[in-house]
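Please look over the sequence and the 3D structure shown here before reading the notes below, and keep both at hand while you work through them.

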Amino acid sequence: MKKRGLLFLWLLYSGMTAAQEKQLDFATYLSGVRQHNLGYAAEKFNMDVAAANVLMAKVFPDPEISAGVFDNGQRRMQQGYGFSSSIGYTLELGGKRHARIGLAKSEQEVARYLLEDYFRNLRADATLAFLNAMQQQRLYDIKMEAYRYMLQLAQADSIRFKAGLIPEADARQSRVEAGMLLNEAFGVAAEMKTSLVQLNELAGAYHGDTLVSPVGDMDRFERRFSLPELVARAQEERADLLAALRQKDVSVKTLQLAKAARMIDLGLTLGVNNAAVVTNVVAPTPSMNTVSAGISLPLKFSNRNKGDLLAANAGVRQQETVYRQTLLQVQTEVTTAWFSYLGAGRQREQFDSGLLEEARKVLEGRRYSYQRGETSLLEVLNAQRTYNDVQQQYYETIYRHASALVELERAAAVWDIQF
């Protein structure tokens with residue numbers, strides 16, 4: 001009865017898994033991430049904002065128009081009345097507009113490199129998520145393969161127990177082991193489903209309980225790199241470092257704008273006045289039009305406060321320090337990732353030398369001997385657990401090796417990963 005229950009649960013679960021998943025290769029997945037990732041789409045708007053800021057920086061000051069009417073006591077003294085109008089314009093001096101445009105363009109460059117850096121990290125994170133999903137699938141397959149064998153063994157032991165060939169304890173033990181393996185498979189399946197859901201999130205899609213099944217060849221992660229060349233490439237092409245470099249320009253342009261803002265602006269005024277006829281008997285005057293022009297200069301008492309210049313100068317020194325810190329961080333990340341990749345490669349070579357094959361042969365030998373009654377069930381179980389552990393470590397090593405390459409290419413601004 002217990003064996004039938006275990007078999008029913010496995011068939012039900014595996015049937016649901018197959019019905020709700022469709023295969024997805026890495027190239028299609030990464031293309032979907034580039035086109036539909038919502039975080040990346042939101043970051044792209046920063047470029048539109050930066051372009052709009054450049055347009056805003058090109059704006060000239062608006063002219064001002066004023067109009068008025070005056071009465072010199074027309075009713076009581078017959079001095080007449082009149083109208084006045086004028087137009088004024090503030091002429092910016094000191095290169096304020098040029099400084100604003102230069103600052104806006106520098107900020108636009110920073111936004112462009114930050115967008116590239118966002119995708120650099122998104123691409124690497126999406127690749128790691130894809131590899132993790134494949135890794136979880138393999139672990140699930142290992143657990144299910146072990147469970148299927150143990151289930152067959154439990155069925156065979158039940159028959160052998162009824163025939164009096166083995167004690168009841170051995171038959172019970174094999175059933176318990178099958179149940180434990182199925183329980184472990186359920187746990188791994190939950191983690192696998194979680195990793196598949198994360199793929200949908202990165203691809204900007206939600207399909208309910210319909211999940212993708214990532215496929216690919218994880219043996220295509222072998223590369224040979226030179227550390228000095230990787231460091232040099234990262235220093236030249238990493239987007240975050242280029243953004244930090246452009247951020248220095250932004251701080252310099254900010255200082256230039258602060259200096260330009262301290263220059264006075266010239267106010268220009270042109271006015272036209274019209275005075276009506278003065279009929280006063282003492283000083284009668286005909287109607288007339290007058291034209292006036294003038295300039296105005298602000299009194300820059302505020303320039304005695306140099307807070308804006310001090311802040312801008314501090315910003316320049318700060319960005320210089322940030323750039324040197326980013327440069328050091330890039331060198332450290334590339335070097336660290338390079339050593340990690342070398343270490344993961346050596347671990348993988350250890351498994352490729354035949355360790356997994358040796359564990360498989362031991363298990364097959366134990367199974368054969370057990371079927372012939374030459375060894376105990378405990379030895380078979382130990383061999384099975386050892387083989388499961390070696391398999392799991394092998395696939396974890398493959399995953400670490402592939403992940404190390406992703407991290408190395410992320411750090412060095414290199415990307416040639418296809419699998």
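The briefing that follows takes up the strands, the aromatic rings, the charges over rings, the pocket and some single residues in turn.

The model is predicted, and every value in this text was computed from it. Among its features are strands that pair in the antiparallel sense, such as β2 with β3, a cluster of aromatic residues linked by ring pairs, and a largest pocket that holds about 280 Å³ of space.

**Paired strands**

- Strand β2, which covers residues 64-71, pairs with strand β3, residues 81-91, in the antiparallel sense, and 8 bridges join the two.
- Within this pairing, Phe 70 has Gly 82 of β3 standing opposite.
- None of the 8 residues of β2 is buried, that is, the number buried is 0, so strand β2 lies largely in the open.
- Strand β3 also pairs with strand β5, residues 266-275, again in the antiparallel sense, this time over 10 bridges, and here Gly 88 has Thr 269 in β5 as its bridge partner.
- Strand β5 in turn pairs with strand β6, residues 288-296, in the antiparallel sense over 9 bridges, with Asn 273 standing opposite Thr 290 in β6.
- Gly 271 is placed in strand β5, and because its relative accessibility is 3%, under the 20% limit, Gly 271 counts as buried.
- Although Gly 271 and Gly 88 are 183 residues apart in sequence, their C-alpha atoms are 8.5 Å apart in space.

**Aromatic rings**

- The model contains 10 aromatic pairs.
- In one of them, the ring centres of Phe 26 and Phe 130 are 5.5 Å apart and the ring planes stand at 65°, so this pair is edge-to-face, since an angle over 60 degrees earns that name.
- Phe 26 belongs to helix α2 (residues 26-36) and Phe 130 to helix α5 (residues 96-162), so their pair ties together parts that are 104 residues apart in sequence.
- Both Phe 26 and Phe 130 are buried.
- Phe 26 and Phe 130 also belong to a cluster linked by ring pairs, together with Tyr 29, Phe 221 and Phe 419.

**Charges over rings**

- Arg 97 has its charged end over the ring of Phe 60, at 4.0 Å from the centre of that ring.
- Arg 112 has its charged end over the ring of Tyr 113, at 4.5 Å from the centre of that ring.

**The largest pocket**

- The largest pocket contains about 280 Å³ of space, and of the 16 residues that line it, Glu 222, Arg 223, Tyr 341, Gly 345 and Glu 349 are the closest to its centre.
- Two elements, α9 (307-371) and α10 (377-412), give two or more residues to the lining of this pocket, and the largest share, 8 residues, comes from α9.
- Sorted by class, the lining has 8 charged, 6 nonpolar and 2 polar residues.

**Residues in and around the helices**

- Tyr 140 is part of helix α5, and with a relative accessible area of 8%, which is under 20%, Tyr 140 is buried.
- Between Tyr 140 and Ala 190 there are 9.5 Å in space from C-alpha to C-alpha, while in sequence the two are 50 residues apart.
- Leu 55 lies in helix α3, residues 38-57, and because its relative accessible area of 60% is over 50%, Leu 55 is exposed.
- The C-alpha atoms of Leu 55 and Ile 101 are 8.2 Å apart in space, and the two residues are 46 residues apart in sequence.
- Val 49 is also found in helix α3, but with a relative accessible area of 46% Val 49 is partly exposed.
- Val 49 and Gln 108 are 59 residues apart in sequence, and the distance between their C-alpha atoms is 8.6 Å.
- Ala 413 lies in the segment after α10, where it has a positive phi of about 60° although it is not a glycine.
- With a relative accessibility of 16%, Ala 413 counts as buried.

Key. Residues are numbered from 1 along each chain as its sequence is written. This is a predicted model: local features need pLDDT of at least 70, side-chain atom pairs count only at pLDDT 80 or more; totals for chains, interfaces and linings use all residues. Side-chain values use heavy atoms; hydrogens and water are left out. Buried means under 20% relative accessible area, exposed over 50%, partly exposed in between (1.4 Å probe, protein chains only). Helices (H or I, at least four residues) and strands (E, at least two) are DSSP runs, numbered from the N terminus. Two strands pair if DSSP finds at least two bridges between them. On a 1 Å grid over the protein atoms alone, a cavity is a set of points where a 1.4 Å probe fits but cannot get out, and a pocket is an open set with protein on both sides within 12 Å along at least five of seven lines; lining residues have an atom within 4 Å of a point. Grid points are joined across faces, edges and corners, and a volume is the space filled by probe spheres set on the points. Ala, Val, Leu, Ile, Met, Phe, Trp, Tyr, Cys and Pro count as nonpolar, Asp, Glu, Lys and Arg as charged, and the others, Gly among them, as polar. Rings of Phe, Tyr and Trp (its six-membered ring) pair if their centres lie within 6.5 Å; planes under 30 degrees apart count as stacked, over 60 as edge-to-face and the rest as tilted. A charge sits over a ring if NZ of Lys or CZ of Arg is within 6 Å of the ring centre and within 35 degrees of the ring normal.
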